[in-house]
Amino acid sequence: MTTILGLNAYHGDAAAALVVDGELVAAAEEERFNRIKHVAGFPALAARWALAEGGVAPEQLDHLAVSRDPRANVGQKLLRTIRHGPSARYLTARLRNAAKIRDVRTALADSLGVERGALRARVHNVEHHRAHVASAFFVSPFADAAVLSVDGFGDFCSTMTAVGHDNSFRVLERVLFPHSLGIFYTAVTQWLGFPKYGDEGKVMGLAPYGNPEKHLEAMRDIVQTSGNLFTLNLDYFTHHDEGVDMTWDEGSPTIGRIYSDRLVQALGPARESGDAMTSHYEDVAAAMQKRLEEVYLHIAGRLHESTGATNLCLAGGVALNAVANGRIRPETAFDGLYVQPAAGDSGTAVGAAYDVWNQTLGSPRAFVMTHAYTGPRFSDEELAAAFAAAGISARRLDNEELFRRVAERIAAGDVVGWFQDRMEFGPRALGHRSIVADPRRPDMKDVLNARIKHREPFRPFAPSILAEETAEWFEQDYTSPFMVLVYKTRPEKRELIPAVNHVDDTGRLQTVERDVSPRYYRLIEEFGRLTGVPILLNTSFNENEPIVRTPVEAVETFLKTHMDLLVLGNYVAERDGAGA
Ligand SMILES: [Fe+2]
């Protein structure tokens with residue numbers, strides 16, 4: 001037996017993943033355990049859980065794979081330091097971070113409560129983007145594929161292209177600091193008044209309200225295509241002087257302002273958080289999103305030309321841009337597309353582990369990540385106990401009654417907390433830690449926002465659809481199991497599902513397959529039988545905190561919000577405390 005623990009440590013979205021004999025047996029983000037959104041630091045709780053889940057004792061661990069390599073791109077780092085002389089503060093922060101990465105074995109031993117000497121695992125440092133590339137290619141269904149990884153930065157690099165064949169890949173090109181598409185998106189997101197780590201997704205939802213043409217030329221001056229890749233016009237940014245000022249102190253990461261006064265000259269005064277959202281800001285968001293898509297499609301198109309590959313694998317935070325991803329198949333020559341469900345940095349824990357398994361150890365590929373249900377699971381007794389502890393009476397229904405009753409309640413307008421099986425890995429709730437509702441109701445978006453989610457009104461809610469029904473309702477029917485692709489809704493269907501049809505008549509859909517997610521499939525199927533609409537509105541099971549992990553957290557969220565029904569496995573409880 002060969003055991004590999006992959007870690008994303010001391011970087012946003014810290015996470016742990018366990019690979020045993022080439023199979024991904026556990027993966028989860030640290031934020032779900034310590035309840036701090038996007039937490040950086042060391043994934044102590046996730047690592048401890050992953051080993052326990054796989055039944056691997058600390059001394060049985062063979063390999064420890066970390067998705068950071070302080071030696072990667074070190075020549076270019078040094079050159080830049082010599083030329084630009086970064087501030088002492090920046091240098092100290094980077095050195096401290098590198099030192100932590102070097103002593104990851106001690107951090108793991110501390111987390112597991114064992115002596116450092118008890119861990120015999122060999123430590124591997126995998127360059128950040130190599131880990132992203134591995135996370136997409138090695139668990140994809142393709143023997144051959146081009147691979148693209150795009151994010152803010154990791155190990156001094158923001159973009160990597162590669163070509164994969166069987167159990168190895170070859171890096172083609174890199175975009176190094178300070179040029180970065182992720183930084184471009186983050187900078188304009190900050191200017192738009194969304195300063196929090198991970199706010200980029202909000203702006204993607206805002207963009208369809210605006211007219212992209214007004215500021216498109218400005219955006220083309222800010223990001224320019226160059227060869228197969230791109231460069232930033234650094235006049236608009238400050239990160240190249242001071243570095244990306246990312247701090248976390250064991251909490252949620254924050255990034256200091258990275259746009260310059262030149263951006264303010266070009267676009268006008270920045271929006272303060274809480275200011276009214278005007279059409280001007282919507283137009284800027286639209287132009288930025290459009291420019292991102294142009295550059296993304298340019299890179300993908302060139303990657304196809306240079307490799308001749310018919311399949312493309314995507315990872316990196318920018319690969320969570322579902323609108324850009326949705327344009328890949330219609331507008332490039334790629335036929336096959338695989339997006340790592342945890343395309344953000346948590347997925348590098350999976351990638352680092354597979355880089356070791358497939359490339360370092362040379363093992364053949366035998367695993368495809370067809371689902372993201374790799375997180376914690378709970379027994380029937382634990383589900384019942386969570387209700388009992390809160391003094392809520394719940395009824396246990398058999399499957400047939402459960403799916404029928406819950407579907408009826410959704411069709412009647414109820415908002416349902418739906419907690420089943422193993423938690424999802426990655427940012428999306430995919431029907432295991434979800435809140436589900438009726439997509440046919442025009443007011444459902446407002447109901448959810450007012451009662452539970454408290455989100456900006458411009459943000460869309462997503463549809464989950466039975467996979468085989470996709471072509472009936474959307475203009476593309478390529479499988480989208482991880483909610484990372486946006487498709488146009490068919491014109492004749494738009495008014496049937498107003499709660500999940502965005503302002504530009506699109507949906508960031510999840511296609512649900514019977515053998516991948518049988519219980520969620522059955523619920524949607526039952527709702528379809530009742531209503532003729534084989535689609536549910538699916539939003540993550542949380543209020544503002546990280547998505548719930550345990551049944552106790554689910555009950556707490558149920559009690560403090562205004563859901564009508566809570567379903568934990570086969571147990572059902574009403575808002576008023578009575579069993580359904
Ligand atoms: Fe990354």
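Biologist: How many of the residues of α6 are buried?
Modeller: Nine of the 10 residues of α6 are buried, and the helix is mostly covered. Buried means under 20% relative accessible area, exposed means over 50%, and partly exposed lies in between, with a 1.4 Å probe and protein chains only. Helices (H or I, at least four residues) and strands (E, at least two) are DSSP runs, numbered from the N terminus.

Biologist: What should I know about the model itself?
Modeller: It is a predicted model, in which local features need pLDDT of at least 70 and side-chain atom pairs count only at pLDDT 80 or more, while totals for chains, interfaces and linings use all residues. Residues are numbered from 1 along each chain as its sequence is written, and side-chain values use heavy atoms, with hydrogens and water left out.

Biologist: Back to the helix. Which residues of α6 are buried?
Modeller: They are His128, His129, Ala131, His132, Val133, Ala134, Ser135, Ala136 and Phe137.

Biologist: And what do they pack against?
Modeller: The buried residues of α6 pack against the strands β6 (144-154), β7 (157-165), β8 (168-176), β13 (311-315) and β14, and against helix α15. Contact here means heavy atoms within 4.5 Å.

Biologist: Which residues are the protein donors of the iron ion?
Modeller: His128 and His132 each donate through NE2, and Asp151 and Asp345 through OD, at 1.9 to 2.2 Å from the iron ion. Donors are N, O and S atoms within 2.8 Å of the metal (3.2 Å for Na, K and Ca); water is not among the atoms, so sites may look incomplete.

Biologist: What spacing do these donors follow along the chain?
Modeller: The spacing is H-x3-H-x18-D-x193-D. His128 in helix α6 (residues 128-137) and Asp345, in the loop between β14 (336-339) and α15 (347-360), are 217 residues apart, so this pair links distant parts of the chain. His128 is buried, because its relative accessibility is 0%. Asp345 is also buried, with a relative accessible area of 9%.

Biologist: Why is the arrangement around the iron ion irregular?
Modeller: The four donor atoms subtend angles of 91 to 157° around the iron ion, which makes the arrangement irregular. Four donors count as tetrahedral if all angles lie between 85 and 135 degrees; four count as square planar and six as octahedral if opposite donors are over 155 degrees apart and all others between 65 and 115; anything else is irregular.

Biologist: New topic. How many disulfides does the count come to?
Modeller: The count comes to zero disulfides, a disulfide being a pair of cysteine sulfur atoms within 2.5 Å. Cys157 is in none, and the nearest cysteine sulfur to it, that of Cys313, is 17 Å away. Cys157 is buried, at 0% relative accessibility.

Biologist: And what about aromatic pairs, how many are there?
Modeller: The count comes to 12 aromatic pairs. Rings of Phe, Tyr and Trp (its six-membered ring) pair if their centres lie within 6.5 Å; planes under 30 degrees apart count as stacked, over 60 as edge-to-face and the rest as tilted. One of them is Phe33 with Trp49, whose centres are 5.9 Å apart and whose planes are at 40°, so the pair is tilted.

Biologist: Which residues form an aromatic cluster?
Modeller: Phe137, Phe138 and Phe169 form one.

Biologist: What sits over the ring of Phe137?
Modeller: The charged end of Arg365 does, 4.4 Å from the ring centre. A charge sits over a ring if NZ of Lys or CZ of Arg is within 6 Å of the ring centre and within 35 degrees of the ring normal. Arg396 likewise lies over the face of Tyr571, at 5.6 Å from the ring centre.
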